[in-house]
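Student: I've got a model open and I'd like to work through its fold with you. Can we start with the sheet and then move on to whatever sits around it?

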Amino acid sequence: EKAICSFLDSQKIPVQRRNFDCESHLAQMEKHTDDSSCIRPDSRGWGNDVFASESVQDSVSSCEAHCSASACTYWTFDPTAMYGSPLCWIWVGGRPGEIRTERGWISGDADCQREKESADKDKPQDQTSGQAEDATGEGESEESSSGLLQDKTAQP
């Protein structure tokens, strides 16, 4: 349904809500347009064909997974089936020569996604300081100079 809505929107064909809920699908695609996203709606990679390959994929997520499995740098998915089937292009070992606007198509920068995932892994986790408990369930803890919590009630 998303692919149909995207295609109908790209062709400027009005759709009544009782047929498809295209408004919610298109709104979901538009929310990915902020600068922090590595997904680029309404765009396609173009050129630098020596690094590009294509395959038939049935969804954005399958195209992205195909890219990830191939260690690609960039991917483009055509849900409109402009060439007869929904196609996925990936660039491995290089990037597209340019990024063009193509209404209804969706592209992703795999290098950007890997950088974001790496940055998320490097962020320190929220550490909650707890108290060490003695046998009665009560106890106190104290932070040592090494930053570790130590039980003050424990005997050496």
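Tutor: Sure, and keep in mind that this is a predicted model. Five strands make up an open sheet with antiparallel pairing, in the order E1-E5-E3-E4-E2.

Student: Which are the edge strands?

Tutor: Look for strands that pair on one side only. In the order E1-E5-E3-E4-E2, that leaves strand E1 (39-46) and strand E2 (52-56).

Student: And how much is the twist from one strand to the next, on average?

Tutor: Take the angle from each strand to the next across the open sheet and average it. The result is 35°.

Student: How many bridges join E1 to E5?

Tutor: E1 and E5 run antiparallel. One opposite pair here is Trp46 with Glu98 in E5. In total, the bridges joining E1 to E5 number seven.

Student: What stands opposite Ser55 in E4?

Tutor: Here we're at the pairing of E2 with strand E4 (residues 87-91), which is antiparallel and has five bridges. The residue opposite Ser55 is Cys88.

Student: In E5, which residue is the bridge partner of Thr76?

Tutor: E3 and E5 run antiparallel and are joined by four bridges. For Thr76, the partner in E5 is Ser107.

Student: Which residue forms a salt bridge with Glu102?

Tutor: The rule asks for a Lys or Arg side-chain nitrogen within 4 Å of a carboxyl oxygen of Asp or Glu, and the model has seven salt bridges by that count. For Glu102 the closest N and O atoms of the pair are 3.3 Å apart, so the pair passes the 4 Å cut-off. Glu102 is in strand E5 and its partner is in strand E1, 58 residues apart, which links distant parts of the chain. That partner is Arg44.

Student: Now the helices. What angle does the direction of H3 make with that of E3?

Tutor: H3 packs on the sheet and touches E1, E2, strand E3 (74-78), E4 and E5. Comparing its direction with that of E3 gives about 155°.

Student: And at what angle does H4 run to E5?

Tutor: H4 lies across E3 and E5. Its angle to E5 is about 55°.

Student: Where is Ala71, which has a positive phi?

Tutor: Phi of Ala71 is near 55°, and this residue is not a glycine. Ala81 also has a positive phi, of about 55°, and lies in the loop between E3 and E4. As for Ala71, its place is the loop between H3 and E3.

Student: Let's turn to the second largest pocket. Which element gives the most to its lining?

Tutor: The second largest pocket holds about 170 Å³ of space. Of its 13 lining residues, the closest to the centre are Glu64, Ser68, Ala110, Gln113 and Arg114. Helix H3 (60-69), strand E5 (98-109) and helix H4 (110-122) each give two or more residues to that lining. With four residues, the top contributor is H4.

Student: How many charged residues are in the lining of that pocket?

Tutor: Split the lining by class: six residues are nonpolar and three are polar. The charged ones number four.

Notes:
Residues numbered from 1 in each chain as written. Predicted model: local features only at pLDDT ≥ 70, side-chain atom pairs only at ≥ 80, totals over all residues. Heavy atoms only, no water. 1 Å grid on protein atoms, 1.4 Å probe; cavity = no way out; pocket = protein on both sides within 12 Å on 5 of 7 lines; lining within 4 Å. Points joined across faces, edges and corners; volume = space filled by probe spheres on them. Nonpolar A, V, L, I, M, F, W, Y, C, P; charged D, E, K, R; others polar. Pairing = 2+ DSSP bridges. Axes fitted to C-alpha atoms, helices over the stretch in contact; angles between N-to-C directions. Contact = heavy atoms within 4.5 Å.
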